Amino acid sequence: MKGLADEPNHILELLGGGTTLEDVIDGHVQEQALVEKSVFVVADLGVLLRQHVMWQQTASQLTAYYPVKSNCSPAVIQVLASLGLGFVCANKGEISLVLDHGVPPENIIFSGVCKQLSHIKYAAKNGVDLLVCDNETELCKIARSHPSAKLLVQVTTWAQAAETSMAFGCSLKSCRRLLEAARALGVQVVGATFHIPASCKDLQAYSHALSDARCVFDMGVELGYSMSILDIGGGFSGSDYQLKQVMSAVQPLLEAYFPSMSGVQVIAEPGSYFVSSAFTLAVNVIGKKVFGRDWSGLVQGDLTPDDEPEFLYYLNDGVYGSFSSKLLGSTIPAPAVHKRASPGVEPVFSSSLQGPSLDILDHVVEHCLLPELLPGDWLVFHNMGAAGLDSPSTFTDASAPRPPVYYVVSTADWYEMQEAGVDLGDIMKTFSLVQYGA
Ligand SMILES: *Cc1c(COP(=O)(O)O)cnc(C)c1O
């Protein structure tokens, strides 16, 4: 994992007055137009604060633990740490990153159901005691190398199994065996965890998962454990509407199964929720092909005036760069066209977007509707914060430079952060603050 902290002197641009994110993108597009028209990213740190405020208003009974794998930019970790969030780490690198930002080890959950032994030892040495576990092999490793571990048993949910086609977590039946094995090995168990992805639209999933978690709590209590932490995972898209929907499903169930007087601490792991809309990616159109439809299907060139054209555009970034999440099965939503001279409503056409590699897999977006573009036009992809822009993936060409990230925050959000008690001094260690446009 390569953090942005390796690169010194990050600039955080403070947007005064009526300056918007669009103005910032505009400014960088114009700047880029004079040079290489390279890809760039704009990250609005104020989003993190606004999402935090919304969480406090709508989901305050759920303590938020941010999963580092969603986006490990030091700026993100720093702001969320300053807001007092806990963190979910999947390996030693993530734990050490979070500890470096001053997060107390008791606010860290070591997740992942299959951990490298040396990473478990590292957690033990650094006081990270909350570990997720869903199988006996893992349990034995933890018993040997982490004497003060406190386990959260990962319970499977059908929503997650349906999405990943691989079951994470254990069934209720194997939970009992796991708990008995833990007791035999003298390992402490303190609660249960599950995860329902945001793609699961059926809120019934929460009712199954919470009743299963209640069963695990009962089994634990029966075996003499003090069960005190319930972790309902991630799956919050970031929209106000979806958060309220999930909360309206979850709240009555929590009251029924885990009433507040029971003293159980309920936590959640919102990842995309915090970062998704904070990051925007701008890419340039570098090539174009036009197809027409005839009796044989799609053909290139020679359109008659009646043909409905279909366009294929080549971008200067693709799945081996900033769009690597596409290779992991994510759908990249259609971009917006950065504003051009031609005013008024333009007709739109079926368009596909392809990366620059000429590789057959390098499809970024298939069939979206866009006005006709020309090489040199810019496309803006919103909601890219959880799409892996922060760290090169397995598929990324390691020799290719990472796109620059321009960090911004509006003056209003900056003062609000101060009022919310965010330690801006720590942020100032990572960044130098400049007035936008200066
Ligand atoms: C990725 C991940 C999450 C975050 O999921 P979102 O749907 O982005 O909120 C939460 N918990 C764990 C263990 C994860 O791996």
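Trainee: Which oxygen atom lies 3.0 Å from a backbone N or O atom of Gly271?

Mentor: An oxygen atom of the ligand. Keep in mind that this is a predicted model. A polar contact is a pair of N or O atoms within 3.5 Å. The Gly271 pair, at 3.0 Å, is one such case.

Trainee: How much of the ligand does the protein bury?

Mentor: Compare the ligand alone with the ligand in place. Alone, the ligand exposes 390 Å². The protein buries 78% of that area.

Trainee: Which side chain has an N or O atom 2.4 Å from a nitrogen atom of the ligand?

Mentor: That of Glu269. Lys69 also takes part: a polar atom of its side chain lies 2.6 Å from a ligand oxygen.

Trainee: Which residues surround the ligand?

Mentor: Look for residues with a heavy atom within 4 Å of the ligand. Here they are Pro67, Lys69, His195, Gly234, Gly235, Phe236, Glu269, Pro270, Gly271 and Ser272. Sort that shell by type: 3 are nonpolar, 5 polar and 2 charged.

Trainee: Now the strands. How many close into the barrel, and in what order?

Mentor: Trace each strand to its partner until the ring closes. Here 8 strands do so, in the order β3-β4-β5-β6-β7-β8-β9-β10, with parallel pairing. Neighbouring strands are turned by 30° against each other on average, direction ignored.

Trainee: How many bridges join β6 to β7?

Mentor: There are 4, between β6 (residues 130-133) and β7 (residues 150-154). One pair to find is Leu131 with its bridge partner Leu151 in β7.

Trainee: Which helix lies across β6 and β7?

Mentor: Helix α6, residues 136-145. Its direction is at about 155° to β6.

Trainee: Where is Lys326 found?

Mentor: In the loop between β13 (310-315) and β14 (336-337). Next, see what it touches. Beyond its neighbours within four places in sequence, Lys326 contacts Val319, Ile332, His363, Val364 and Glu366.

Trainee: Which backbone oxygen does the Lys326 side chain reach?

Mentor: That of His363, at 3.0 Å.

How values were computed: Residues are numbered from 1 along each chain as its sequence is written. This is a predicted model: local features need pLDDT of at least 70, side-chain atom pairs count only at pLDDT 80 or more; totals for chains, interfaces and linings use all residues. Side-chain values use heavy atoms; hydrogens and water are left out. Two strands pair if DSSP finds at least two bridges between them. Helices (H or I, at least four residues) and strands (E, at least two) are DSSP runs, numbered from the N terminus. Axes are lines fitted to C-alpha atoms, for helices over the stretch in contact, and angles run from 0 to 180 degrees between N-to-C directions. Contact means heavy atoms within 4.5 Å. A polar contact is a pair of N or O atoms within 3.5 Å; within protein, one must be able to donate a hydrogen and the other to accept it, and residues adjacent in sequence count only if both atoms are side-chain atoms. Accessible areas come from the Shrake-Rupley method with a 1.4 Å probe; for residues, only the protein chains shown count as cover. Ala, Val, Leu, Ile, Met, Phe, Trp, Tyr, Cys and Pro count as nonpolar, Asp, Glu, Lys and Arg as charged, and the others, Gly among them, as polar.
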